[in-house]
Amino acid sequence: AYSDLDIGVLGEKSLPVDTFYKIKSLLNDSTIPYKVDLIDFRNVSDEFKGITLKKNQVWNHPQHLRIN
């Protein structure tokens, strides 16, 4: 069986493109024993965001940021 890890980022604005790809590169080069996908929730459909955010584990949730 193949497993992966999805990491979603939800900020007030989209991640700058260079930052997004820098994080992806660091994740790809890491020793994490899973395939890791990085998702910027500011760049996905509301439908995808709604489904995904119902099945997640929040690591850091600033109180001023609305998730839904």
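The legends below accompany an overview and several close-up views of a predicted model of one protein chain.

**Figure 1. Overall arrangement of the predicted chain.** The protein chain holds two helices and two strands, and from the N terminus on these elements follow the order β-α-β-α. Of its 68 residues, 19% count as buried, while the accessible surface comes to about 5700 Å², with 53% of that area belonging to carbon and sulfur atoms. When contacts between residues at least 6 apart in sequence are considered, 66% of them join residues at least 24 apart.

**Figure 2. Close-up of aspartate 40, a buried residue without a salt bridge.** Aspartate 40 lies in strand E2, which spans residues 35-40. The nearest side chain of opposite charge is that of arginine 42, and it is 6.0 Å away, whereas a salt bridge would require a side-chain nitrogen within 4 Å of a carboxyl oxygen. Leaving aside neighbours within four places in sequence, aspartate 40 is in contact with Val9, Ser14, Leu15 and Phe20.

**Figure 3. Close-up of lysine 49 in helix H2.** Helix H2 is formed by residues 46-54, and lysine 49 has its place within it. With a relative accessible area of 14%, lysine 49 is classed as buried, because that value falls under the 20% cut-off. Not counting residues up to four places away in sequence, lysine 49 touches Phe41, Arg42 and Val44. Arginine 42 thus appears in two of these views, as a residue touched by lysine 49 and as the nearest side chain of opposite charge to aspartate 40.

**Figure 4. Close-up of lysine 13 in the loop between strand E1 and helix H1.** Strand E1, on one side of this loop, covers residues 4-9, and helix H1, on the other side, covers residues 17-28. Lysine 13 has a relative accessible area of 70% and therefore counts as exposed, the cut-off being over 50%. Although lysine 13 and phenylalanine 41 are 28 residues apart in sequence, their C-alpha atoms are 9.5 Å apart in space. Phenylalanine 41 is also one of the residues that lysine 49 touches.

**Figure 5. Close-up of a nonpolar surface patch that includes tyrosine 34.** Leu5, Ile32 and Tyr34 together make this patch, which has an area of about 250 Å². Tyrosine 34 is placed in the loop between helix H1 and strand E2. Its relative accessibility is 45%, so tyrosine 34 counts as partly exposed, a class that lies between the 20% and 50% cut-offs.

Technical notes
Residues are numbered from 1 along each chain as its sequence is written. This is a predicted model: local features need pLDDT of at least 70, side-chain atom pairs count only at pLDDT 80 or more; totals for chains, interfaces and linings use all residues. Side-chain values use heavy atoms; hydrogens and water are left out. Helices (H or I, at least four residues) and strands (E, at least two) are DSSP runs, numbered from the N terminus. Buried means under 20% relative accessible area, exposed over 50%, partly exposed in between (1.4 Å probe, protein chains only). Contact means heavy atoms within 4.5 Å. Patches are made of residues with over 30% relative accessible area and no salt bridge: like charges are joined within 9 Å, nonpolar side chains (Val, Leu, Ile, Met, Phe, Trp, Tyr) within 5 Å. Accessible areas come from the Shrake-Rupley method with a 1.4 Å probe; for residues, only the protein chains shown count as cover. Lys and Arg count as positive and Asp and Glu as negative; His and the chain ends are not counted.
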